[in-house]
Amino acid sequence: MHKADILIIGAGAVGTALAREFSKFKVKVIVCDKNDDVGGDASKSCSGLTSTSATMPVGTLECKIRTISHTMVDVLCRDLDIPIIHCGSIAPVLTDDQMEQVPKLIDRAWQNGVWDYEFMPREEILEMEPTLNPEIKGGIYSPRDSQINQFLMVVAEAENAAENGVEFLLDCAVTGIDTKDGRIQRVITTKGEIEAKWVINAAGLYCDDIAKMVDECDFSVHPRKGEFFVLGHDTPVKVKHIISSVPTPKTRGVLVIPTTDDNLLVGPTADDVEDKNDKKTTREGLEEVRTKALEMVPGLRFEDTITQFVGARPARVPEGYNILVSEKAKGYVGISGIRSTGLTASMALAKYVIHEMKAAGLELERKVGWIRTRRGIVKFSDKSDAEKDALIASDPRYGKIVCRCEQITEAEIVQAIHRPVGARTLDAVKRRVRAGMGRCQSGFCGPQVIGIIARELGISEYEVRKRGVAAYMLDH
Amino acid sequence: MKTIDCDVAVVGAGPAGLAAAEAAKSTGAGKVIIIERDIRAGGILQQGIHPGFGLQIFGEELTGPEYAERYMKQADSAGVELLLGTTALELRDRELVCAGTEGLLHVRFGALVLAMGCRERTRANLVIPGSRPSGIYTAGTAQKLINIYGDKIGKEVVILGSGDIGMIMARRLTLEGAHVKAVVELLPFLAGLTRNKVQCLDDFGIPLLLSHTVVDIEGVDRLTSVTVCPVDEKRRPVLDKQEKIPCDTLLLSVGLIPENELSRTGKIELSPVTRGAVVNQYKQTSNPAVFACGNVLHVNDLVDHVSRESAEAGRNAALYAAGKLPSAAAYAAVPGNGIRYVCPQKVVADGNEEVTLYFRTMIPGRRTVIRCTANGKELVSRKCVRTSPGTMEKLVLSKETVASLNGPIEVSCEHGEVLA
């Protein structure tokens, strides 16, 4: 039986930010997640935007938390060596209807304290971003919107939390929660029971399922499916800014996003569906993305797509951030309604949740010797000739290029496996070091990576998974 | 950091690189080095353990490894040096930057031959909708897992695309005990060679579904099914006729793309059609010291063609390094009616020797006349019993014809009967 002061269910952006925040204190923290890796469902398959609160509903808890959190992003990136690009965003105005929205949007941004959210005339916008449709009537420029590497953000926080003593239990699904005399006793999981004083539900898309286990569920969550294209490094038309549709109340619409890895991310759709396992791209969805993106950036070449995927944002009914410190089941804390803003909001949200828990009696004592920083895996392909030579001298495995498309070496893959909260599947390796993330989509390196994972973990090749419970690569 | 100087450097020790290096050495180049990322030479031939290689060059049926071995021996006895486990990272004018476990290596060359081969198109290139389970492989990756690593990849298999590797893998998987349920081809005709359909599908009772495609992929973890659907004459799926086929493995054999990332680092001009370098008959690229051959230049049907073409490239690279490669005015060789591309894309009109134009037709036909014209005037023509896009066609321009060129030439074809 595992024992913890704090058990966090869910290792997405919110769960790992909480884990890192708690790791500053003298408490035993366990994070469990049903997936094989940290990164959750929504966090790892989102657009990686970290934006100002310009488009947030005014006066909400979501707006408040996100506004504060956005100011913390750069320090987090510096401390944890997370790639981020400060590219700013442009919402091109294409129609008269959109033009009518502009004053309202600027007014809302103003109320949310985003005073540098500005309308610019056509000529100025086209000079900044010449790839845009020349038919535009102008555009809204938001200079402080950025793109963060969403995989490495969660991985970095998890690694840092683990280094500070947090335990991660992966492939560990919660199946029940026991309460006694109105207080949380233990959590039943597929990896055994966990006794915990506090249980924080950060299960995102699945937080209603967990909330039902303690009878604190007066809401429901369904997936808002978003389909994306990823275009390769070589695609001839690239944008310098995040290009976003003029926002509607439901979504920011389709975006064209330059990523920290020099790809283009194009999407998402926003389709409310029932099935939480529905990660299927559709003909219609991808066509919608293509059409809407081409309206804004007509030169995009979808022939250069290297993959397509689905991200599922958790949509709560009723909407809105909800932090519940339960009276009915003491020790239970429910976090719901975080939808697509979790990546940006997670740092302040973690602090807010802990603040609420303290108000309900949680006592925390600061630890001495908390490790603030973490360095990423040194990337061979980024280095100069002399640095590459030195890297190979320090570890000859840096001289073995495994993934030719992204020039990823065996040394990087081995580190991805052996770091705290290390990768155990092909997808987890891919998210950490990009082996298999390029144009051949692991056609060349896949067989080698299967072998490296098996060797480093001391398992058979037949046990190696792409991800998940049973996504075996070979004939299991 | 180490620096090596050589007369001719070759990137890739597959069939193209081995033939090029051997020819460079035989032409008189002093130091010839092959840079190969794998720990063995042979390239993709290593995993092609089926017979059928070498009929044209050796007049006998060899397996891939046997074919490779003959060229390895030739290269070795000619004195070619082989640097294994070494990856070329970047091309800088007259220098290659390479990485190996010993450190970074700078290879300075008089001439360079690019022979990196090609990669397979993926599911994502085709934009097949559905989920993203495990169990989806390109045919070549599956071939490597089975033939090199000795792994079993699945039990119930559907293959999309009737490319040669796909058909060969249909047979291979059947021999390994898997059940290949269908080979599905979007086009109304075969993408690969007819002999592979006969020997790999027909002989094993594997159904070939022409004018069909995969429209959905299911499976949360491992693949559980694909949905196959006929397409109309405009290749649009006829969705009300779809059929779900339960399977745990989907192989894709849907085309090959020359692997030109290294060429891009050297700013070599590439053709948007072949996706290989733009070359003249010497296989010389936009950088006169850089030559290209084999599947990195254009995707070939037979390895025999690769070896022949690469030997020419190697010889010319050696001549260039020695300052002996002739140069004269060059004219474009362009595809005309019914032709997808012509390689070389340029002909140097020096009239030193005859020039072979390689090309592919767009659709299959019978009693096809292929011809090369200049300014509307026929230079050479040939009548073929049958042509198909899966087969490489060629025309030879005589020395005299080449010498007389004074403008662009065009290759075109006319089918007596269209077979699409």
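Here is a chat between a biologist and a modeller about a predicted model with chains A and B.

Biologist: Let's start with domains: how is chain A divided?

Modeller: The assignment for chain A gives three pieces lists, and two of the domains are built from separate stretches: domain 2 takes 89–143 + 227–312, and domain 1 takes 1–83 + 148–219 + 318–376. What remains is domain 3 (380–472).

Biologist: How far apart are the C-alpha centres of domain 2 and domain 3 of chain A, and how many residues of domain 2 are in contact with domain 3?

Modeller: The centres of these two domains of chain A lie 32 Å apart. On the domain 2 side, the residues divide into one nonpolar, two polar and one charged. They face four residues of domain 3 of chain A, and the number from domain 2 is four.

Biologist: Over in chain B, what is the class make-up of the side of domain 2 that touches domain 3?

Modeller: Chain B has domain 1 (1–120 + 256–325), domain 2 (122–254) and domain 3 (328–420). The C-alpha centres of domain 2 and domain 3 of chain B are 34 Å apart, and the contact takes six residues from each of these domains. By class, the domain 2 side comes out as five nonpolar, one polar and no charged residues.

Biologist: Now the contact between the chains: which elements of chain A each supply at least two residues to the side touching chain B?

Modeller: The contact takes 40 residues from chain A and 38 residues from chain B. The side of chain A splits by class into 16 nonpolar, twelve polar and twelve charged residues. The elements of chain A that each give at least two residues are α8 (283–296), β18 (305–317), α10 (385–394), α13 (446–457), β23 (465–467) and β24 (471–472).

Biologist: Take α13(A) from that list: what do its buried residues pack against?

Modeller: α13(A) has twelve residues and reaches 16 Å from its first C-alpha to its last, close to the 16 Å expected. G446(A), P447(A), V449(A), I450(A), I452(A) and I453(A) are the buried ones. Their packing partners are β21 (401–403), α11 (410–418) and α12 (426–433) of chain A, together with α5 (139–147) of chain B.

Biologist: And which residue just after α13(A) takes a positive phi?

Modeller: Look right past the end of α13(A), where phi is about 65°. The residue is G458(A).

Biologist: Which residues of strand β16 of chain A are buried on its two faces?

Modeller: β16(A) has antiparallel pairings with β13(A) (residues 220–231) over three bridges and with β15(A) (residues 255–258) over four bridges. In these pairings L231(A) has L264(A) as bridge partner, and L255(A) has G267(A). Both faces of β16(A) are covered: one side has L264(A) and V266(A), the other L265(A) and G267(A).

Biologist: In the hairpin of β15(A) and β16(A), which residue takes a positive phi?

Modeller: There are five residues between the two strands of that hairpin. Phi is near 70° at D262(A).

Biologist: Back to chain B: why is one side of β21 and of β26 left without a neighbour in the sheet?

Modeller: The sheet is open and antiparallel, in the order β21-β23-β26 of chain B, with a twist averaging 25° from one strand to the next. Its middle strand in that order, β23(B) (residues 355–361), pairs with β26(B) over five bridges, and T356(B) has V396(B) as its bridge partner. β21 (339–343) and β26 (393–397) of chain B stand at the edges, so one side of each is free, because each has a single partner strand.

Biologist: Chain B also has a parallel sheet; which helix packs on it?

Modeller: The five strands run in the order β10-β17-β11-β12-β13 of chain B, with β10 (136–138) and β13 (208–209) as edge strands. Four bridges join β11(B) (residues 156–160) to β17(B) (residues 249–252), and L160(B) has L252(B) as bridge partner. The helix touches β11, β12 and β17 of chain B and makes about 165° with the direction of β12(B): α6 (residues 164–175) of chain B.

Biologist: Last one: is G30(B) buried or partly exposed?

Modeller: G30(B) sits in the loop between α1 (15–26) and β2 (32–35) of chain B. A buried residue needs 20 or more other C-beta atoms within 10 Å. G30(B) has 15, so it counts as partly exposed.

How values were computed
Residues numbered from 1 in each chain as written. Chains lettered and ligands numbered in written order. Predicted model: local features only at pLDDT ≥ 70, side-chain atom pairs only at ≥ 80, totals over all residues. Pairing = 2+ DSSP bridges. Axes fitted to C-alpha atoms, helices over the stretch in contact; angles between N-to-C directions. Buried ≥ 20, exposed ≤ 12 C-beta atoms within 10 Å, placed from the backbone. Contact = placed C-beta atoms within 7 Å. Nonpolar A, V, L, I, M, F, W, Y, C, P; charged D, E, K, R; others polar. Expected span 1.5 Å × (residues − 1). Domains from an automatic or database assignment.
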